Amino acid sequence: MNKPVPVISLEHSHRLDLRSPDLDALLNRIAEGASDRERERTLPFPEIDLIRKARLGALRLPATAGGGSSIRELFEIVIRLGEADANVAHILRNHFSVVERLVRRPQTDQHREWQKAVADGAIIGLAATELETPKVGDVRPNTTLTPDGDDYLLNGTKYYSTGTLYSDYVLVRTADSAGANAATLIPVNREGIELIDDWDGLGQRLTATGTTHFRNVRVKRQEVVFDAPDAGYGIPYANTFAQLFLTAINAGIARAILRDATALVQSRKRTFYFAPAEAPIDDPLLQQTVGQIASGAFAAETVVLAAAEALDIATDAFDAGDVGAAEAAHRAALLSAKAKIVADEFAIRGGSLLFDVGGASATKKVTNFDRHWRNARTLSSHNPTTYKARSIGQYEISGTPLPAKGFF
């Protein structure tokens, strides 16, 4: 039987304490059964509902709207959530990205309605990617907004709709009849929306990263936000937050690997014939391996939080209209790209080292230890590190700025 979880209060100016017993209880509850859910493919609807009731998704709203957390503070929680359940953490990635772009600083009555929904616990999904191969640098969606009276009809098919199956709203990337790119934020239960759980990746199996169909979905004009240099997806380096979020999950996976490796060595009764110590806990080779895993987890978390601090500086500069905002945004993107290379490597390597402290018995399906490597490898494959490293190298050698659009 599931234990009751206290509701985290985010009322008014109250900020969630990273050391709050309520937060610990929530994360512990999410961690319970995470391995079994992943192995048996049990979708985490109850766990997302706990997050909804706790209003964890409101953390980045202004304090007056029930939030008040900095980006660094949020990412500290994301890392812990990734340690508890990498799937649940990934489900929330698009929610926080949309909040960052459209909801945190409302400009209209419609934006204020979205903010109130998030403050009340609503979760937002995303439908942005399409399977058709675009030209390099072309980000114009094939999903369309067609005028219909004062409003629009939305038509198209999206893939990689991570988290949308669990969400109350979905942000859809689209274009109007003139080819202008836009985003619309609408309820997922609106007529004409079909969510399909057809994601079959080797990792992150419970994120519902599948297909979404939009068939003559009615969209109000005020629900559409067109790209602009100072709004939504038109802002340079608007994707840095989302990219760092994935890296933070891998940092959380690195922590989970350390947790499981330590527990595995502590619980082992048998050892190898040629082991240098009778008891596994006294084996210097196993101690060394756990030490490597621990160091990698520390490095991964450290670089993520350093990049998050840079993102806080860039966000504050943008909000204030600072003349140095563009430079700060580039620095945040650069540090986030570097953090990805470091954190991904340590998470993937740690997922392999875990088996070096357990032997063949650690590969049994019941342990499900392979999920750590599979999940880290899957997350890392979102925008491969090779592209990041190449852009970083170009910058270091020639001063070439990172791409301002796409996955930076």
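This passage looks at the empty spaces inside a predicted model, starting with a closed cavity and moving on to an open pocket.

A search through the whole structure turns up five cavities of 30 Å³ or more. The largest cavity has a volume of about 60 Å³. Its walls are built from A254, I257, Q292, I293, G296, A297, F346, R349, G350 and L353. Three helices are worth picking out here: α8 (240-267), α9 (284-319) and α10 (325-353) each put at least two residues into the lining of the largest cavity. Sorted by class, that lining has six nonpolar residues, three polar ones and one charged one. Among the residues in the lining are the nonpolar I257 and L353, the polar Q292 and the charged R349.

Next comes the second largest pocket, which holds about 650 Å³ of space. This pocket is lined by 28 residues, and E100, G232, I235, F318 and D319 are the ones closest to its centre. As for the elements involved, α6 (93-103), α8, α9 and α10 give two or more residues each to the lining of the pocket. The biggest share comes from α9, which supplies five residues. In terms of class, the lining of the second largest pocket splits into 17 nonpolar, five polar and six charged residues.

Put side by side, the two spaces draw on some shared helices. With at least two residues from each, α8, α9 and α10 help to line the largest cavity, and these helices also appear, along with α6, in the list for the second largest pocket.

Definitions and conventions:
Residues are numbered from 1 along each chain as its sequence is written. This is a predicted model: local features need pLDDT of at least 70, side-chain atom pairs count only at pLDDT 80 or more; totals for chains, interfaces and linings use all residues. Side-chain values use heavy atoms; hydrogens and water are left out. On a 1 Å grid over the protein atoms alone, a cavity is a set of points where a 1.4 Å probe fits but cannot get out, and a pocket is an open set with protein on both sides within 12 Å along at least five of seven lines; lining residues have an atom within 4 Å of a point. Grid points are joined across faces, edges and corners, and a volume is the space filled by probe spheres set on the points. Helices (H or I, at least four residues) and strands (E, at least two) are DSSP runs, numbered from the N terminus.
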